[in-house]
Amino acid sequence: MRDVYGEVLLELGKNRSDIVVLDADISKSTKTINFAKNFPERFFDVGIAEANLMGIAAGIASTGKTVFASTFTVFASGRAYDQVRQSIAYPERNVKIVATHSGLTAGEDGAMHQSFEDIALMRAIPNMRVISPCDGIETRSVIRKIASIPGPFYVRLARPPIPIILNSSYQFELGKGIILKEGTDGVIVACGIMTHIALEVSTLFSSEGIDLGVVNMSSIKPIDVELIKALAYKYKYIISCEDHNVIGGFGSAIAEVLPSINTKLIRIGIEDTFGDSGKFEELLRFYKLDPSSIVYKIKEVVVSDRV
Amino acid sequence: MKYSLERLKEIAQRVRYNTLYMITRAVSGHPGGSLSATDILVTLYFHTMKYDINNPSLEDRDRFILSKGHACPALYAIFYELGIIRKEELDTLRKPGSRLQGHPDIKRLPCAEFSSGSLGQGLSFAVGVALAGKMDKKDYYTFVMIGDGESQEGQVWEAAMSARKFKLDNLIGITDRNGLQIDGSTEDVMPIEPLADKWRAFGWNVIEIDGHNFSQIIDALEMAKKFSGSPTMIIAHTVKGRGISFMENMVDFHGKAPTSKEWEKIKLELELGGELID
C-alpha cells in the first residue's frame, strides 16, 4: 500500500502542479520520498513536528493547493489531533492526511506506535472523511480519487505488503462498500487489512458448509448506509472486522446506522487494550484477529444465541 | 490604504469603542487582549497591508492571521470600519448563527483568513501561507500576530524553526507583549523571557517597539518587509486593556465583559459618548 501511495503521488505530481507533499522525517517509511526526489520544490520535510506539519499543510492549502501530509497513523491522529481538528477540518482545508503503519501493522514497534483509536478520533471530527483501503489496487484508486475531491481526508494505510484482492479495473467510490462474496448465513463487513482476512474466514466456514458473504467497506466515513441496511435485511448476522479498538471504530460506525430489526452485529476488533510488540502475523494471533480465531469467536456467539 | 497618523488614531479610537460595545452587548468576550492589539491591527489594515476589500480571495493580497483568536472583537471592529460587517451585526457577537463567533470562523467570515482560537496554531498556518507564496513566486506578505502567553505553546517554536529553515522573509510575526495572561503575569505563570533572544536564537530578525506608537509600528513593519533572508518577529510592548483607565494592566479584564455601568465610563473616556458607533 505504501509503495502504491508513493507511485500515485509521483503520477499526480507529474500531471498536476497544485500537488504539494509534506512529511515529518519519515518520508522513507511513508514513501513520500519518491515525490521528494522528483519534485523537491513542492516537497517539504518539517522534521519531527507533527503539529507544525498539519498547520503548514493547512496554510499551503489555503492558497489553492492540494496538500498531502504524511506520517504514521498514531501521530497523525493522536499527536496532531488538535491541529487536524482546528486548522484542517473546521475550515475544511484541502489537506489529505495519508498515514501509514496503521493499527497492528506497526508490528515490532509496539503499543507506542500502534494506533487503535485513529478511526474513532478522525471520524468524530465534522468535515473529515475516513478511508481504509483493503489492498494496493484500492489504495491506488483512493489516492487518485481524493486528489480530486476538495476538503480534508484521513487515509489509513498498512505497513507490510497486503495480498491483492480486487481486480485491476476496480474504482473506489466515496461512501460505497462493495460485495466481494454473497452468502446466506451471514456477512462479514471489513476494511483495511481485515478484508483479506475476512475472505479467509469465509473460506474456512465454507469447508464446514456455512456460507458467509464478505463486504469490503473502505469508506468508513461517509459510510454506505444503504448497503448496511440491505445487509441487515438480508442477513441474520453481520460481523464487523477491524484492527482497531471496538470502541468507537469501524464496528461502531456500522452500529450507528444499523436499522432496528432483528439482525445481530458481532464486532471483531481490538478489545479496548493497547498494543504489543511482535511481527504483524504474530500480533494477529495474539489479538485473536487471525482467520481461525475469528471463526472461533463467531461460532461462540452463534452457539450462545442458540442456547 | 495609507492613512495618516491622525486618521489611524481616530480609527483606533472607534475600533476600541466598537470592540467594547460588542463585548458589553454580548456580556462575554476578551477586552484586555483586544485593546492591546488594536493599534497594531489598525496600522496593518489602514496603512501597511495591500488588499482589495471587494475581493477577499485575491491571490496576491497580503494576509493577516490573528493567532490569538480571542482578540477577534478588535478584528471585527476593523471589518466594520471596512464595511464588511454591518452595523446590526455588532449586536450579534458570540450569538448562535452569527458571523461574529467567539473565535474567528473563516467559513462565515473568509476575510479573517484563519479560524483561530486554539492557541499556538496560527504561526504554523502562516508558515504554510508564506511558503506557498515563495513556491509560486508571489510577492505578498504574511503577517501573523501571536500573544505573549501564547508563546508558551510548543507548536510556536516548531513553526519558528521551520520558518527559518524555509528562509521565509515574507513572513512577519508580531508578538503582542502585554505581559499578562489569565492566571497572572506571564513571568509568574511561565516565564517567556528573554523573548527577543529566543527568537534570535531561532534565526529570526527581531525588532522591539512600543506597540501603541503608530510611527514605530509603521517603521517596524516596513523594516520587516525589507529584511531579506529570514523572517522577522516584531515584539510589540503593549498594555493590556489599553485606552480605558480602569482596564489597563488589569488581568481580570482578560476575559470579562464590562458592566453597563462600566460601559458608561468607557463612552466618556473614549469621548465618543453620544451616538453609538459610526
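Start where two helices touch in this predicted model: helix 4 of chain A meets helix 4 of chain B. On the chain A side, the residues taking part are A:Ala51, A:Asn52, A:Gly55, A:Ile56, A:Ala57, A:Ala58, A:Gly59 and A:Ile60. Facing them from chain B are B:Ser124, B:Phe125, B:Ala126, B:Val127, B:Gly128, B:Val129, B:Leu131 and B:Ala132. If you sort this contact by residue class, you get eleven nonpolar residues, five polar ones and no charged ones.

Now look at how the two helices are placed. In chain A, helix 4 covers residues 50-61, while helix 4 of chain B covers residues 122-135. Their axes come within 6 Å and cross at roughly 45°. That angle makes helix 4 of chain A oblique to helix 4 of chain B, because angles from 65 to 115 degrees would count as roughly perpendicular and angles under 35 degrees as roughly parallel. The crossing also has a hand: helix 4 of chain A passes helix 4 of chain B in a right-handed way.

Next, zoom out to chain A as a whole. Chain A holds 13 helices and twelve strands. Its radius of gyration is 19 Å, close to the 19 Å that the globule rule gives for 307 residues, so chain A is as compact as a globular protein of that length. Picture a box around its C-alpha atoms, taken along the principal axes: that box would be roughly 65 × 40 × 35 Å.

What about the inside? Of the 307 residues of chain A, 57% count as buried. And among contacts in chain A with a separation of 6 or more, 79% come from residues 24 or more positions apart.

Key. Residues are numbered from 1 along each chain as its sequence is written. Chains are lettered from A and ligands numbered from 1 in the order in which they are written. This is a predicted model: local features need pLDDT of at least 70, side-chain atom pairs count only at pLDDT 80 or more; totals for chains, interfaces and linings use all residues. Axes are lines fitted to C-alpha atoms, for helices over the stretch in contact, and angles run from 0 to 180 degrees between N-to-C directions. Helices (H or I, at least four residues) and strands (E, at least two) are DSSP runs, numbered from the N terminus. Angles under 35 degrees count as roughly parallel, over 145 as roughly antiparallel, 65 to 115 as roughly perpendicular and the rest as oblique. A crossing is left-handed if the near helix is turned anticlockwise from the far one by less than a right angle, and right-handed if clockwise. Two residues are in contact if their C-beta atoms, placed from the backbone, lie within 7 Å. Ala, Val, Leu, Ile, Met, Phe, Trp, Tyr, Cys and Pro count as nonpolar, Asp, Glu, Lys and Arg as charged, and the others, Gly among them, as polar. The radius of gyration is taken over C-alpha atoms; the globule rule is 2.2 Å times the number of residues to the power 0.38. A residue is buried if 20 or more other C-beta atoms lie within 10 Å of its own, exposed if 12 or fewer, and partly exposed in between; C-beta atoms are placed from the backbone.
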